[in-house]
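Trainee: Could you take a close look at one strand pairing for me, and then follow the sheets and the ligand site outward from there?

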Amino acid sequence: MTTSTSTEPLDVLVVGAGYAGLYQLDKLRKLGHKVHVFESADGLGGVWYWNCYPGARTDSLGPMYQFGAEELWRDWNFSELYPTWSEVRDYFHYMDQKLDLSKDISFGTEVKAARFDEDQRRWSVEVLDKSTGQTRTVLTRHLVLCTGFGSKPYTPDFPGLDTFEGEAYHTARWPQDREVPLAGRRIGVIGNGASGVQVMQESAKVAEHVTLFQRTPMFALPMRQKPMSDEENARDKDTYAERMSARLNHFGGLDFDFIPRSALDDSDEERRATYERLWAEGGFKPWLGTYNDMFFNSETNRTFYEFWREKTRARINKPELWELLAPTEPPHPWGVKRPSLEQNYYDLFNQDNVGIVDLRSNAIERITPKGVRTADGVEHELDLLVFATGFDAVSGGITAIDIYNAKGESFADTWKHGVHTALGTATAGFPNLMFVYGPQSPSAFCNGPTAAEAQGQWVVEFIDHLQKNNLTRVEATPEAEQRWQEQIDEIAAPALFSEAKSWYMGANIPGKKVQLLMYPGGLPAYLANVHESAANGYPEFALA
Ligand code: N01
């Protein structure tokens, strides 16, 4: 391994070539700044590069899962309402052609470490070329981390993990270079979040047998997938401009919002009619387009859970599975863990080739050479074992990089007892470092491209302001972090999110501080905060 230093410093070094990173590259470059993106994958797309497991597709409507600029959406069509990972990748390649992005991106290059030089007021960033094993140091004024919320996969430390003799993959590390056969195989899937549900749906079509190892039931919603013809896309485009700009005014960055009243203000009949309408529309409508007290009022929440349970049980022909898949008493309020969108998930359990193991009553004891052994002594023999076990979400991609300030303090250490940020963008003690779509921003509560663009634009303007005013050092103040935390706590206190052990709360990773990782006030409130900051000269930051 050799180390060399690239001589000419950058204005901005961006980590990650997903939506957030590409937005930074395109906009900052157009403003005349010297920008380069480092991406550890061999291609564009961020999560859409890594998550190429069978069935992977968006849970956001394709038309809204794009950037808002007409120059991009005018000529792009997804062929389904909820496009597959490979079509989303195609969209990234289309953007690349339009915006000429790749010339300023190093692929297959992992950002390993960064150190701040106080005298020079810049970062020294160590990047590893994964194909040659060589590292080099790149100097940059600003470091912008666009590592997304799902770049650090989590595989539980099951005893015997390495002894399995079949094929085993985490969904976010699925092989890129070949198709993993599913047909005629005995497949085990651990986890039933968005990834597990999608893998189950594909596997059950062709596998000899699929076993879901379930710890907590998934309260999924009907996707209502449909093909999108060119004519339909063309008709739909008439509404795009309006819908794209409306995204910024809605909590979840989509083209719809919550119903502005409590479910309890409606009569039982009215409420039922509303739930039926949302259910028929499908997708995230029953989640982010429902009554606005759904995640704040247990009674409201229960009304929807009972509706959901009735609809779901009606699809499961084996009443003995009802308590497992759609229990009488839910383990947590409905929708405070991210619901998946499903096409035939609950129907699968009517098939003879699909089984379910309840890990709550029968835990995984160990992984064996042949499969998975559970506490009841049964060895579930498998050819393919799928870890759909999620991510060290939101903060994990950032803390995976060894970042040190000039005093030698580590960034990962400063978040050890919980993330703390000013405006979900920067952390005190670490100058000239910002993140987009990270902790304490709307990030995972918001449609990805909308958040990448909306928060991203504010970061672009902030950096442009610093550069043009010859301000070479920017650091979040501890007071601003405290005020941001207070705002988050005030909004989150009456909410039901803390009643579930979810990745939203950091509760899925052993030892991780349990705290709400996103800003819970919605995109419009977030943007009001950051725009006010800009209008007042960025008082949350010390500028020099
Ligand atoms: O991960 P998850 P994901 N023993 O964390 C289980 C986005 N996404 O990759 O619920 C046994 O949601 C865990 O069980 P439990 C989307 O935002 C989007 O599916 O903690 N089981 C759970 O069932 C999503 O929310 C798309 O009890 C264990 C599962 O593993 C986010 O990424 C597609 C376990 C993890 O579910 C993450 O989704 C994919 C253990 N020790 C992902 N540890 C689309 O848009 C964990 N589990 C379609």
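**Strand 5 and beyond**

Mentor: Ala-114 stands opposite Ile-403 in strand 18, so let's start at that contact; two strands pair if DSSP finds at least two bridges between them. Keep in mind that this is a predicted model: local features need pLDDT of at least 70, side-chain atom pairs count only at pLDDT 80 or more, and totals for chains, interfaces and linings use all residues. Residue numbers run from 1 along each chain as its sequence is written.

Strand 18 covers residues 402–404, and three bridges join it to strand 5, the two running parallel. The strands here are DSSP runs of E with at least two residues, the helices are runs of H or I with at least four, and both are numbered from the N terminus.

Strand 5 also has a link to strand 6. Residues 109–117 make up strand 5, residues 122–129 make up strand 6, and eight bridges hold this antiparallel pair together. Within the pair, Val-111 has Val-127 of strand 6 as its bridge partner. Strands 5 and 6 form a hairpin with four residues between them, and in the turn Arg-121 takes a positive phi of about 55°. So strand 5 runs parallel with strand 18 but antiparallel with strand 6.

Now for hairpins elsewhere in the chain. Strands 14, 15 and 16 make an open sheet in the order 14-15-16, with antiparallel pairing. At its edges are strand 14 (364–367) and strand 16 (379–381), each pairing on one side only. Going through the contacts, strand 14 is joined to strand 15 by three bridges in the antiparallel sense, and Ile-367 has Val-372 as its bridge partner in strand 15. Just three residues separate the two strands of this hairpin. On the other side, strand 15 (residues 371–374) runs antiparallel to strand 16, again with three bridges. There Val-372 turns up once more, this time opposite His-380. So Val-372 is matched with Ile-367 in one pair and with His-380 in the other. The hairpin of strands 15 and 16 has four residues in between, and Gly-377 in its turn has a positive phi of about 90°.

There's a parallel sheet to look at as well. Five strands form an open sheet in the order 8-17-9-10-13, and the pairing is parallel. Strand 8 (167–170) and strand 13 (354–358) sit at the edges with a single partner strand each, so one side of each is left without a neighbour in the sheet. Strand 13 has its parallel pairing with strand 10 (residues 209–214), over five bridges. One residue match there is Gln-214 with Asp-358 in strand 13.

Last stop, the ligand. Its shell holds 26 residues, and Pro-156, Gly-191, Gly-193, Arg-215 and Gly-390 come nearest; a residue is near a molecule if its C-beta atom, placed from the backbone, lies within 6 Å of it. Among the elements, helix 5 (residues 194–206) gives the most to that shell, with three residues. By class there are eight nonpolar, 13 polar and five charged residues around the ligand. (Ala, Val, Leu, Ile, Met, Phe, Trp, Tyr, Cys and Pro count as nonpolar, Asp, Glu, Lys and Arg as charged, and the others, Gly among them, as polar.) Where does the ligand lie relative to the two domains? Both domain 1 (3–152 + 392–543) and domain 2 (154–219 + 335–390) give residues to the shell, so the ligand lies between them. Those domain bounds come from an automatic or database domain assignment.

Notes: Ala, Val, Leu, Ile, Met, Phe, Trp, Tyr, Cys and Pro count as nonpolar, Asp, Glu, Lys and Arg as charged, and the others, Gly among them, as polar.
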